[in-house]
Amino acid sequence: MNEAPLKHHFFAIVHKSIVSPSFYREVRHYPPAYALKFVVQMCLITALISGAAFTYYALDADRGLPSVVPRVFPGMSLNNGTLDPGRPTPYIPEKAAVTRFLNGLMCVPDAFDALPDSFIVVDTSSGAPKKFPGAQLVFSDRFFFIKTNSATPMKTAYSRLLPAHDTIAFTQQGTELLLRKNVLGLFIWFFIQSGVFTTGTICVSIIFLTFAVYIFRVDKKEKAGLYFKKACFAATPIFIGTNLVALSGTRVPNTWYVLLMIAVFVMVRGVKADKKAT
């Protein structure tokens, strides 16, 4: 009985964990390492699928970054590593465009909805950033500054991130061309984000499922480790739902609560099926 579970491939486990309550009788005999391996697989596959989906939609000319970057940096361009603002500075982009731009760079929906009006400032009048209330990103002539908790902001030259000898216009076409040239870096950015976010979400869900069911267990002799193993597999609705939302291209907040309720149902149903068998 101990060897049988190891013959299931990943997607067969995903299917059985949701549609077959009797599957959780087998989980009783699974080694903890097998359950943890399954969780790692869920996190990695989600990072790949979600990372690819976010990259695809970020490149979209109508819905992605190429449609909003020209609103944040209208008429601006980079020439040989120097920012040409094409207007008098300091210039503060409209808040709605900045919010959409930054949210488009994140995997978490609405991460930057509560921004101050001057979160991004373009100021090429000097090489050092002036003080603007609420400004976290300041773009000067050759550097951009990121405000941190320290007294001195982080400074990075444009030439370190973008080709120093190229001219890059922040138009829709220019932005799309720039992103497609750096699509691998964009995918890595979203892959890392998705991996961190998914790992945190799934781990928190497993902990919640474990203790929620363990506290209200009928058989007081059952140990928490058994419920932990079952929770590792009952978290599959979160794995499936997270990937479906990412593939759809929608940015729906608070989907985790809905998916967690589904996972609770799957977990409780599986525990009941295991109890009937024993």
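Contact, in this tour, means heavy atoms within 4.5 Å. The model is predicted, and residues are numbered from 1 along the chain.

**Stop 1: Q193**

Select Q193, then extend the selection to helix α8, residues 183–215, in which Q193 is found. Leave aside the neighbours within four places in sequence and display what else Q193 is in contact with: L105, M106 and C107. Is Q193 buried or exposed? Its relative accessible area is 13%, and buried means under 20%, so Q193 is buried.

**Stop 2: helices α1 and α3**

Next select residues 10–19, helix α1, together with residues 32–59, helix α3. The two helices pack with their axes 11 Å apart, at an angle of about 100°. That angle makes α1 roughly perpendicular to α3. To see the contact itself, show the side chains of F10, F11, I13 and V14 on α1. On α3, the residues to show are Y34, F38, Q41, M42 and I45. Colour the contact of α1 with α3 by class: 8 residues are nonpolar, 1 is polar and none is charged.

**Stop 3: the salt bridges**

How many salt bridges does a search of the whole structure find? There are 3, and the tour visits them in turn.

Stay with α1 and select K16, then add E26. These two form a salt bridge, with the closest N and O atoms 3.7 Å apart. E26 lies in helix α2, residues 23–27, and K16 in helix α1, so the pair ties together parts that are 10 residues apart in sequence. E26 counts as buried, at 19% relative accessibility. K16, at 21%, counts as partly exposed. The two values fall on either side of the cut-off, because buried means under 20% relative accessible area.

Now select E94 and R71, whose side chains meet in a salt bridge at 3.2 Å, N to O. Where do the two residues lie? E94 is in the loop between β2 (82–84) and α5 (95–103), while R71 is in helix α4, residues 65–72. The pair therefore ties together parts that are 23 residues apart in sequence. E94 is partly exposed, with a relative accessible area of 42%, and R71 also counts as partly exposed, at 33% relative accessibility.

For the remaining salt bridge, select R180 and E176; their side chains meet at 3.4 Å, N to O. Both residues are in helix α7, residues 172–181. Being 4 residues apart there, R180 and E176 are separated by about one helical turn. R180 has a relative accessible area of 48% and is partly exposed.

**Stop 4: the sheet**

Finally, switch to a cartoon view and select strands β3, β4, β5 and β6. They make up an open sheet of 4 strands in the order β3-β4-β5-β6, with mixed pairing. Which strands stand at the edges? They are β3 (120–122) and β6 (154–157); each has a single partner strand, so one side of each is left without a neighbour in the sheet. Look along the sheet for its twist: on average, neighbouring strands are turned by 20° against each other, direction ignored.

Narrow the selection to β4, residues 137–139, and β5, residues 143–146. These strands pair in the antiparallel sense over 3 bridges. To end the tour, pick L137 in the viewer and find I146 of β5, which stands opposite L137.

Definitions and conventions
This is a predicted model: local features need pLDDT of at least 70, side-chain atom pairs count only at pLDDT 80 or more; totals for chains, interfaces and linings use all residues. Side-chain values use heavy atoms; hydrogens and water are left out. Two strands pair if DSSP finds at least two bridges between them. Axes are lines fitted to C-alpha atoms, for helices over the stretch in contact, and angles run from 0 to 180 degrees between N-to-C directions. Angles under 35 degrees count as roughly parallel, over 145 as roughly antiparallel, 65 to 115 as roughly perpendicular and the rest as oblique. Ala, Val, Leu, Ile, Met, Phe, Trp, Tyr, Cys and Pro count as nonpolar, Asp, Glu, Lys and Arg as charged, and the others, Gly among them, as polar. Buried means under 20% relative accessible area, exposed over 50%, partly exposed in between (1.4 Å probe, protein chains only). A salt bridge is a side-chain nitrogen of Lys or Arg within 4 Å of a carboxyl oxygen of Asp or Glu.
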